[in-house]
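Subject: Structure for you to look at

Dear colleague,

I am handing over the structure below, together with notes on what was found in it. Please read the notes with the model open beside you.

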Amino acid sequence: MEQNILKFYKYQGTGNDFVMIDNREKVFSGEDLSLITRLCDRKFGSGADGLILINTHPAYDFEMVYYNADGTQSMCGNGSRCAVHLARYLGIIAETTTFLAADGAHEAFIKNNRIHVKMVDVHTIDYLSDGYFLNTGTRHYVSVVENLSEFDVFNKGKAIRYDNRFMPEGTNANFIEPDTNQVYMRIYERGVENETLSSGTGVTAVALVASSVYDYTSPVTVKTLGGEILVSFEKKNNQEFSNIYMAGPAVMVFEGSIFI
């Protein structure tokens with residue numbers, strides 16, 4: 001049986017890794033969810049937390065389409081930084097861009113080897129009995145814990161991800177340990193269904209919770225297992241934040257081809 005060859009780029013943003021495809025010529029269809037999960041599989045594919053398509057769009061520089069490793073779609077903050085980096089590498093953009101993602105339009109710019117992506121405004125942070133809940137382009141639960149390095153992120157995070165309070169969509173589960181205007185975090189990521197090294201939308205949620213609860217001032221440094229991300233914002237009150245920028249690295253690891 002004849003096999004097709006698909007070219008891809010492997011990226012990582014603070015340890016969140018992605019299979020990325022230049023899809024301006026429509027070489028890949030997102031309708032084949034089994035192919036997406038195979039490409040992301042670390043045993044039978046390239047291995048990644050998610051897959052990203054760079055598509056053309058009539059109103060924006062490009063469209064980023066993101067699939068979690070299980071084939072579900074969402075906004076991805078670290079993936080958006082990688083998408084901006086790839087768009088520049090491909091010659092689609094220069095140092096600034098406006099692109100479309102699952103949660104709407106985003107502005108971004110590149111400065112000092114960091115990709116700065118403007119996130120959606122946040123108007124509500126729900127104070128729960130055991131944590132906080134907000135949407136920074138996708139859904140995030142945030143809980144303050146002690147001894148974060150020893151915390152059982154997988155089992156505690158999975159329980160929160162499928163908690164009836166957040167169903168049917170579920171939620172990402174972030175666990176944090178605050179420090180002086182910086183926060184250490186670990187995350188159980190919905191769609192990957194495991195702990196990942198980082199999350200851009202999660203980092204954003206964590207920084208805003210730190211500002212809302214502990215009055216942290218902009219910018220807030222969030223330290224993930226995969227590296228540091230800086231979140232800046234304008235704070236109207238403990239519930240409302242605007243002009244939110246998430247800034248961090250994006251690294252092309254390799255280019256490759258795979259039989260599909």
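Asparagine 243 counts as partly exposed, because its relative accessibility is 30%, and the cut-offs place partly exposed residues between 20% and 50%. This is a predicted model, which should be kept in mind for everything that follows. Asparagine 243 sits in strand E16, which covers residues 241-248, and its phi is near 50°, a positive value in a residue other than glycine. Lysine 26 also has a positive phi, near 55°, and is likewise not a glycine. The position of lysine 26 is in the loop that runs between strand E2 (16-22) and helix H1 (33-40), and this residue counts as exposed because its relative accessibility is 71%, where the cut-off for exposed is over 50%. These two values are pointed out because most residues other than glycine have a negative phi.

Two peptide bonds also deserve your attention, since most peptide bonds are trans. The bond that joins methionine 167 and proline 168 is cis, with an omega of about 10°, and proline 168 belongs to the loop between H3 and strand E11 (172-178). A cis peptide bond also leads from serine 218 to proline 219, where omega is near 0°, and proline 219 is placed in the loop between H4 and strand E14 (220-224).

Turning to the charged side chains, how many salt bridges does the count come to? The count comes to 13 salt bridges, and a few of them are described here. Lysine 7 is paired with glutamate 255, with 3.7 Å between the closest N and O atoms. This pair links distant parts of the chain, given that lysine 7 is in strand E1 (residues 5-13) and glutamate 255 is in strand E17, 248 residues apart. Both partners count as partly exposed, lysine 7 because its relative accessibility is 46% and glutamate 255 because its relative accessibility is 38%.

Arginine 88 and glutamate 95 form a salt bridge as well, and their closest N and O atoms are 3.3 Å apart. Arginine 88 is partly exposed, at 32% relative accessibility, and glutamate 95 is also partly exposed, with a relative accessible area of 38%. Elsewhere, salt bridges that share partners join Lys10, Asp17, Arg42 and Asp49 into one network. Within this network, the side chains of arginine 42 and aspartate 49 meet at 3.1 Å, N to O, and aspartate 49 is buried, because its relative accessible area is 6% and the cut-off for buried is under 20%.

Strand E17 (residues 251-259), mentioned above for glutamate 255, is also where phenylalanine 254 is placed. Together with Val251 and Val253, Phe254 forms a nonpolar patch on the surface, and the three residues have about 220 Å² of accessible area together. Phenylalanine 254 itself counts as partly exposed, because its relative accessibility is 34%.

Is leucine 148 buried or exposed? Leucine 148 is buried, because its relative accessible area is 5%, although its place is in a loop, the one between strand E10 (139-144) and helix H3 (153-161). The C-alpha atoms of leucine 148 and tyrosine 184 are separated by 7.9 Å, while the two residues are 36 residues apart along the chain.

Finally, there is the interior space to consider. The structure holds one cavity of 30 Å³ or more, and about 90 Å³ of space lies in the largest cavity. Which residues lie nearest the centre of the largest cavity? They are Met75, Thr138, Asn172, Glu189 and Thr201, which belong to a lining of 16 residues. At least two lining residues are supplied by each of strand E4 (62-68), helix H2 (77-89) and helix H4 (200-214). Sorted by class, this lining has eleven polar residues, three nonpolar residues and two charged residues.

With best regards

Key. Residues numbered from 1 in each chain as written. Predicted model: local features only at pLDDT ≥ 70, side-chain atom pairs only at ≥ 80, totals over all residues. Heavy atoms only, no water. Patch = residues over 30% accessible without salt bridge, like charges linked within 9 Å, V, L, I, M, F, W, Y side chains within 5 Å. Areas by Shrake-Rupley, 256 points an atom, 1.4 Å probe, with all protein chains shown as cover. Salt bridge = Lys/Arg side-chain N within 4 Å of Asp/Glu carboxyl O. Helix = DSSP H or I, 4+ residues; strand = E, 2+ residues; numbered from the N terminus. Buried < 20%, exposed > 50% of the residue type's maximum accessible area, 1.4 Å probe, protein only. 1 Å grid on protein atoms, 1.4 Å probe; cavity = no way out; pocket = protein on both sides within 12 Å on 5 of 7 lines; lining within 4 Å. Points joined across faces, edges and corners; volume = space filled by probe spheres on them. Nonpolar A, V, L, I, M, F, W, Y, C, P; charged D, E, K, R; others polar.
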